[in-house]
Amino acid sequence: LTAMGEPSMDPTISAPDSSAQQDSLFSMMDVFLISLITGLFTYWFFFRKKKEEVPDLPKMQSVAAPVRDSSFIEKMKKTGRNIVVFYGSQTGTAEEFANRLSKDAHRYGLRGMAADPEEYDLSDLSRLSEIDKSLAVFCMATYGEGDPTDNAQDFYDWLQEADADLSGLRFAVFGLGNKTYEHFNAMGKYVDKRLEELGAQRIFELGLGDDDGNLEEDFITWREQFWPAVCEHFGVEATGEESSIRQYELVVHTDVNMNKVYTGEMGRLKSYENQKPPFDAKNPFLAQVTDNRKLNEGGERHLMHLELDISNSKIRYESGDHVAVYPANDSSLVNQIGEILGTDLDTVMSLNNLDEESNKKHPFPCPTSYRTALTYYLDITNPPRTNVLYELAQYATDAGEQERLRKMASSAAEGKALYLSWVVEARRNILAILQDMPSLRPPIDHLCELLPRLQARYYSIASSSKVHPNSIHICAVTVEYETKTGRLNKGVATNWLKNKVPDQNGSSSLVPMYVRKSQFRLPFKPSTPVIMIGPGTGIAPFIGFIQERAWLKQQGKEVGETVLYYGCRHEHEDYLYREELAGFQKEGVLTQLNVAFSRDQAEKVYVQHLLKKNKENVWKLIDERVAHIYVCGDARNMARDVQNTFYEIVSEFGNMSQPQAVDYVKKLMTKGRYSLDVWS
């Protein structure tokens with residue numbers, strides 16, 4: 001438009017008035033004609049579209065996915081449910097418990113549904129009283145350092161900010177936690193306390209499951225007391241024995257387009273062939289392994305360093321983040337299950353939810369083959385939970401074996417003891433159970449319905465993105481042990497990673513992965529001193545930290561003292577990253593390198609002993625230099641022992657009593673000056 005108007009504005013061009021008027025007239029005519037044509041075209045376009053769309057609407061509705069209501073209340077009313085079981089789940093266990101509770105409801109003349117809080121508007125809890133005999137149950141796992149799981153984050157945020165009146169809500173909470181962690185069951189405790197503060201009525205006491213003990217037994221014990229409390233509250237009775245109710249129906253595909261069959265993808269079909277960012281848990285990136293080397297010089301264990309190429313993925317990470325990898329089960333285990341059950345593992349099938357209103361249409365991506373399901377989607381190496389044994393018992397043709405399975409699935413003390421010894425302590429997985437019970441031959445589709453999902457494994461990233469922007473490094477030890485039954489059990493992910501060979505085309509060197517953000521971060525100011533404590537593979541994030549501080553120093557930044565306490569068994573066997581650490585020390589980046597070799601002398605020496613030895617220097621760094629402390633590794637023993645050592649140091653040099661010293665360290669944690677990245 002600007003260009004069209006420019007000539008008439010040029011002062012060097014003169015023309016008679018009539019000519020100017022003629023130009024003006026033509027330009028107005030042009031505008032009129034263009035407007036008319038545009039208007040006619042627009043009218044025709046929308047009129048035509050409307051005519052075409054009307055007959056197609058019914059067809060579109062029949063093939064489109066149902067619209068998800070964000071209101072669980074409307075869904076419950078529509079489907080006649082009165083119990084909703086929400087789950088905050090990171091590894092699938094809380095979801096599994098929620099499903100079991102929702103299935104239990106039918107025994108009491110009630111109807112339940114399991115629900116992911118991420119998919120619904122939880123402010124609707126105030127309306128649950130609109131439904132007769134209604135109850136909300138929360139199975140809430142605690143993740144990391146007292147945090148909510150990813151899918152419960154929005155619910156947690158809402159609870160913190162909400163001033164809703166929940167006086168008509170009846171609720172119960174079962175928490176899933178681990179006593180080796182500082183903030184045991186923090187999420188379960190918070191939800192239970194906060195709902196009561198908002199006026200809701202607790203109808204049964206908070207359950208606290210401990211994964212460091214026997215989480216399954218904790219859940220069963222809580223559940224067997226929970227249902228009688230529900231019955232008493234609502235005046236209902238059990239309608240009969242616990243029965244096996246299938247949640248999914250089998251559909252075998254004899255004539256199927258193989259392009260429509262899942263082959264291991266986590267979300268979108270063909271996502272591994274056609275990769276599109278952003279990459280996350282439902283859309284992992286296939287990273288090429290560019291390096292896979294053994295770190296230890298001797299010993300029975302295999303400690304390894306892997307490098308994953310993330311070029312062109314747009315994946316960003318920070319030192320201290322975690323990399324999640326999706327492993328695959330050992331093909332020999334999969335084949336043995338197929339042989340025992342006499343199944344063609346390459347049969348293509350779908351398991352379709354019998355509850356058409358459920359948001360979860362399949363237990364894993366379908367259609368797929370049994371081989372793919374058992375390799376990529378199902379956990380076949382962990383001891384199965386009691387509900388799986390109960391459901392499988394009906395297929396044992398030997399009366400003794402059937403009774404044994406039912407007993408282990410019962411809440412009787414004898415049954416719990418038998419389950420603990422025969423399944424948990426003996427580390428019997430589903431294959432071992434099938435081998436040791438020759439009459440137990442369940443249909444493979446029911447077995448696939450019952451087994452939990454194979455979960456991603458998380459590793460602390462052993463590199464800095466400042467130094468390695470296109471690469472993520474992993475430090476891991478392969479898990480391998482003999483069980484009480486004489487079987488050799490192998491860790492799924494570590495043995496799978498061990499066999500990832502670099503520089504080979506094809507899937508043998510590809511790892512499905514994504515990055516999970518962490519709170520384990522270097523101080524904002526590079527000049528702040530850091531004390532890092534990480535024995536064994538706990539050194540992983542500190543390799544990234546030291547790389548980053550070396551890079552900052554090269555940029556001319558003032559970098560504070562960088563102190564490392566590292567531990568391993570033998571100096572000449574499993575001293576990880578020895579050359580790299582020596583190099584950093586020589587450059588002056590690593591100001592102190594303290595290494596404990598636990599088994600090189602008669603008396604064992606651990607990292608906490610070296611902390612005590614250097615206690616005066618440690619206190620000076622904390623008190624005067626405002627150092628940040630980082631602990632990575634085993635939660636059960638090491639992290640606890642290290643924390644107790646800090647209590648002692650603070651008490652001695654800070655002239656404090658034991659309770660005051662504990663409070664001092666807790667305040668360091670609150671301020672982000674004492675960070676943990678631990679596992680049990």
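Analyst: Let's start with a term: a cavity is a set of grid points where a 1.4 Å probe fits but cannot get out, and its lining residues have an atom within 4 Å of a point. Keep in mind that this is a predicted model.

User: Thanks! How many cavities of 30 Å³ or more does the structure hold?

Analyst: There is one cavity of 30 Å³ or more. The space in the largest cavity comes to about 40 Å³.

User: Which residues line the largest cavity?

Analyst: Its lining consists of N214, E216, E217, I220, T386, M408, S410, K416 and Y419. Sorted by class, that lining has three nonpolar, three polar and three charged residues.

User: Which helices each supply at least two residues of that lining?

Analyst: Those are α7 (215–234) and α12 (413–425). Of the contributors, α7 gives the most, with three residues.

User: Let me step back to the whole chain. How many helices and strands are there, and what share of the residues is buried?

Analyst: The protein chain has 21 helices and 23 strands. Of its 680 residues, 49% are buried, where buried means under 20% relative accessible area. You can also look at contacts: among those between residues at least 6 apart in sequence, 75% join residues at least 24 apart.

User: Can we follow one buried residue? What does L135 touch?

Analyst: Happy to. L135 lies in strand β3 (residues 135–143), and it is buried, with a relative accessible area of 0%. Leaving aside residues up to four places away in sequence, L135 touches N82, I83, V84, L128, R170, F171, A172, I203, F226, V230 and F234. Take F234 as an example: it sits 99 residues from L135 along the chain, while their C-alpha atoms are separated by 9.9 Å.

User: Now for helices. Where do the buried residues of α19 fall, seen down the axis?

Analyst: Begin with the list: in helix α19 (residues 615–623), V618, W619, L621 and I622 are buried. Viewed down the axis of α19, these buried residues fall within an arc of 160°, so they line one face of the helix. Their cover includes β19 (530–533), β20 (562–568), α18 (607–613), β22 (628–634), α20 (635–653) and α21 (658–670).

User: And which residues are buried in α8?

Analyst: Helix α8 (residues 331–340) has V334, I337 and G338 buried. Around the axis they cover an arc of only 100°, which puts them on the same side of α8. The buried residues of α8 pack against α9 (370–377), α13 (430–436) and α14 (444–450).

User: Last topic: sheets. What is the order of the strands in the open sheet of three?

Analyst: The general idea is that strands of a sheet pair through backbone hydrogen bonds, either parallel or antiparallel. Here, the open sheet of three strands runs β8-β12-β13 and its pairing is antiparallel. The edge strands, β8 (248–252) and β13 (368–369), each pair on one side only. Between β12 (residues 348–353) and β13 there are two bridges, in the antiparallel sense, and T368 in β13 is the bridge partner of M349.

User: How many bridges join β10 to β15?

Analyst: Strand β10 (residues 303–309) and β15 run antiparallel and are joined by seven bridges. One of the bridge partners is A476 in β15, which is matched with M304. Strand β15 (residues 471–477) is mostly covered, with six of its seven residues buried.

Notes:
Residues are numbered from 1 along each chain as its sequence is written. This is a predicted model: local features need pLDDT of at least 70, side-chain atom pairs count only at pLDDT 80 or more; totals for chains, interfaces and linings use all residues. Side-chain values use heavy atoms; hydrogens and water are left out. Buried means under 20% relative accessible area, exposed over 50%, partly exposed in between (1.4 Å probe, protein chains only). Helices (H or I, at least four residues) and strands (E, at least two) are DSSP runs, numbered from the N terminus. The arc is that of the directions from the helix axis to the C-beta atoms. Contact means heavy atoms within 4.5 Å. Two strands pair if DSSP finds at least two bridges between them. On a 1 Å grid over the protein atoms alone, a cavity is a set of points where a 1.4 Å probe fits but cannot get out, and a pocket is an open set with protein on both sides within 12 Å along at least five of seven lines; lining residues have an atom within 4 Å of a point. Grid points are joined across faces, edges and corners, and a volume is the space filled by probe spheres set on the points. Ala, Val, Leu, Ile, Met, Phe, Trp, Tyr, Cys and Pro count as nonpolar, Asp, Glu, Lys and Arg as charged, and the others, Gly among them, as polar.
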